[in-house]
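This briefing accompanies a predicted model and is meant to be read with the coordinates open. The points below are grouped by topic.

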Amino acid sequence: GIFYSYAYRPARKLGFDRPVSALLTFVASGLFHVYPLWVGSFPKEKMYITMSFFMLQAVLIAVETNLLKVNQWSWGKAKMWLVFCVFLSNYLFGAGTSTDSSELAFMIFLRT
């Protein structure tokens, strides 16, 4: 993808380790998503919330990879973790107004 080519891989070539490169990739993605809000003169709070969403994803991936070792879990437990992450993101950043991510989480959980 674009962020792999223009954020992650260049960070690795500059000598950053994988976790830092991944974090920088999420920062780049967050800035990419915040830029239209800035151009459109949206309130700064919207920009902070959007950027925070991408930083949360980086934190969740770091926790998943380094602390929980989700890749070693059974598929069912890993799906539960994914559903938790989707619901957490929806709760924190969707303010309960959108059911899109809740529906996605439910579909992921039911899929075999």
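Leu 14 counts as exposed because its relative accessibility is 68%, and the threshold for that class is over 50%. In this predicted model, Leu 14 sits in the loop that lies between helix H1 (2-13) and helix H2 (18-39). The same residue belongs to a nonpolar surface patch, whose other members are Phe 16, Val 20 and Leu 24.

**Surface and burial**

- Taken together, Leu 14, Phe 16, Val 20 and Leu 24 contribute about 350 Å² of accessible area to this nonpolar patch on the surface.
- For the protein as a whole, the exposed area comes to about 8,200 Å², of which carbon and sulfur atoms supply 68%.
- Of the 112 residues in the protein, 26% are buried.

**Overall architecture**

- The protein contains five helices and zero strands, and its pattern, when read along the sequence, is α-α-α-α-α.
- If one considers the contacts between residues that are at least 6 apart in sequence, 45% of them join residues at least 24 apart.

**Aromatic pairs**

- The count of aromatic pairs in the protein, taking rings whose centres lie within 6.5 Å, comes to six.
- One of these is formed by Tyr 4 and Tyr 8, which is classed as stacked because the ring centres are 5.5 Å apart and the planes meet at 20°, where stacking requires planes under 30 degrees apart.
- Both tyrosines of this pair, Tyr 4 and Tyr 8, lie in helix H1, where they are four residues apart, or about one turn of the helix.
- The two partners fall into separate accessibility classes: Tyr 4 counts as partly exposed because its relative accessibility is 45%, whereas Tyr 8 is buried because its relative accessible area is 18%.
- Phe 53 and Phe 54 form an aromatic pair of the edge-to-face kind, with 5.3 Å from centre to centre and 90° between the planes.
- Within that pair, Phe 53 counts as partly exposed because its relative accessibility is 27%, while Phe 54, at 11% relative accessibility, counts as buried.
- Which residues make up one aromatic cluster that includes Phe 53? The cluster consists of Phe 53, Phe 54 and Phe 93.

Definitions and conventions:
Residues numbered from 1 in each chain as written. Predicted model: local features only at pLDDT ≥ 70, side-chain atom pairs only at ≥ 80, totals over all residues. Heavy atoms only, no water. Helix = DSSP H or I, 4+ residues; strand = E, 2+ residues; numbered from the N terminus. Buried < 20%, exposed > 50% of the residue type's maximum accessible area, 1.4 Å probe, protein only. Contact = heavy atoms within 4.5 Å. Areas by Shrake-Rupley, 256 points an atom, 1.4 Å probe, with all protein chains shown as cover. Patch = residues over 30% accessible without salt bridge, like charges linked within 9 Å, V, L, I, M, F, W, Y side chains within 5 Å. Salt bridge = Lys/Arg side-chain N within 4 Å of Asp/Glu carboxyl O. Phe/Tyr/Trp six-rings, centres within 6.5 Å; stacked < 30°, edge-to-face > 60°.
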